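Here's a quick briefing to read with the model open beside you. Have a look at the picture first, then we'll go through it piece by piece.

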Amino acid sequence: MSYKLGVSYFSTRILRHLKNDLEDIKKHHCNFVLHTFDELDLFYNLENMRRITELTHRAGLKVYYSPWGLGGIFGGEAYSGFVMQHPSACQVLSTGERVGNACPRQPEFRRYVRSWIQGASRAGGDVLFWDEPHLWIAEWNGRKTREGEFSCRCDLCQKDFKRAYGKAFPRVWTKEVEEFRDETLVGFLEWATRETKKVNPRLKNAVCLLPMGDKKWPNPQWEHVASLPSVDIVATDPYWKQRPFSNPQKRPLKGFVDLYAGRIADLASRHGKEAQGWVQLFAHAKSGEKEITQALEIWEKAGVKNLAAWGYEACASYSLLACERPKQCWDLVGKHFGRLAGKK
Ligand SMILES: [Zn+2]
C-alpha cells in the first residue's frame, strides 16, 4: 500500500479559511484530514460539518472524525456539556467522589454516543477515530494521582462487577478491578464500533490506544481491542514532549516512540488490522524541532504506512499547544510526507 498521510484540523468552522487551509494541507502532501467533531459540532454545527467534509472530499482528501473530548472520555481540548447535563451518568471514584467524565457503561451515555455516530454518518466522513478512550485520569483533571483512587465504581459498575465476579466491587485496586476496568473500555468500544457499522457499514473504525504501561506486553486491553471484528485500524500516539513549548520535560524518543511504533505494528499484523501512527506536532521548542523528523523516521522504520501529525500548522491556533515556530515545524512534516508520498 502507498502511504496514507494525514493531519488533524480544528479551531475554525469558517469555510473560506478551511478552503485555504485545505490547499496548504495538500501542499504538505497529506491525503487525509482528521476533523475533530466535538459536542458543539454535534449540537450547533452539523450542517457545517457536512460542508466541511464535502470541501475536504472535493480537495481529494479522506475524512476522519474524532469524538473530541466527548463525555470527557476521549482525548481532546473540548469540554463536555453531556457531563453537566447528566451527572448521574458520570463516573464515580473508589472514594465515592463523582467526577465530570461519563461512565462508558451507562445507557444514557451510550445513547448520546449513538447520536454522535448518526451525526458523523450524516456529515459524510470516512473513518471514525475513537481517540484515546480512557477512564478518569487524575493528571488530566488537574490533580495528582493518589494511591487507591481509581474509577469507575458507579452503581452500574458495581452491579456489573457483582454479576461477573460474584462479589462486591472492592474499594482497593486488585487484579480483578484491573480486568474489570479494561472490560469497561473494551466492552464500550466493541459496542461503539459495532453500532458504527450498523448505522453505516461504509464507515471504518480506528481506535487510538493510549501509550501507557510500558512494561506490560502483550497488553491484554490492546489485544482485546485489536481482536474486535468492527475495528479496522489500530493506532497509538506516543507524544514525548510536555506542553507548552517552554516546558523542558520530555521523554527520549528511544525507548518510547520506537517502542510503541513497534508494538502497534506487531499488534496490527497479528490481528490482520491496519496500523496507524501519530506524531507530535505541538509544544516543540525550536531546539527540539529535529525530533519531529526523527519520530517520522522511527515510524517509517517500523513499517507503519498510515501516519498522521497532531495537528495542523503545529497547533498554532491553540496557544498552550503551539510550537515555538509553528510554520517551520509544519514544513518539516510536509517535507518528510513529500518524501513518503512518492514511495510504495
Ligand atoms: Zn461506572
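Which residue stands opposite Tyr64 in E3? That would be Leu34. Bear in mind that this is a predicted model. The notes below start with the strands around E3 and then turn to helix H5.

**Strand E3 and its partners**

- E3 takes in residues 62–66, and four of its five residues are buried, so the rest of the structure largely encloses this strand.
- Strand E2 (residues 32–36) runs parallel to E3, and five bridges join the two.
- E3 is also joined to strand E6 (residues 127–131), again in parallel, this time by two bridges.
- If you want to find that pairing on screen, look for Tyr65, whose bridge partner in E6 is Leu128.

**Helix H5: the buried side**

- H5 covers residues 107–123, which makes 17 residues.
- From first C-alpha to last, H5 reaches 24 Å, close to the 24 Å expected at 1.5 Å a residue.
- Its buried residues are Phe109, Tyr112, Val113, Trp116, Ile117, Ala120 and Ala123.
- Those buried residues sit on the same side of H5, because they cover an arc of only 145° around the axis.

**Helix H5: the other face and the end**

- Turn to the face of H5 that points away from its buried side and you'll find the exposed residues Pro107, Arg111 and Ser115.
- Right after H5 comes Gly124, which has a positive phi, near 95°.

Methods:
Residues numbered from 1 in each chain as written. Predicted model: local features only at pLDDT ≥ 70, side-chain atom pairs only at ≥ 80, totals over all residues. Expected span 1.5 Å × (residues − 1). Buried ≥ 20, exposed ≤ 12 C-beta atoms within 10 Å, placed from the backbone. Arc of directions from axis to C-beta. Pairing = 2+ DSSP bridges.
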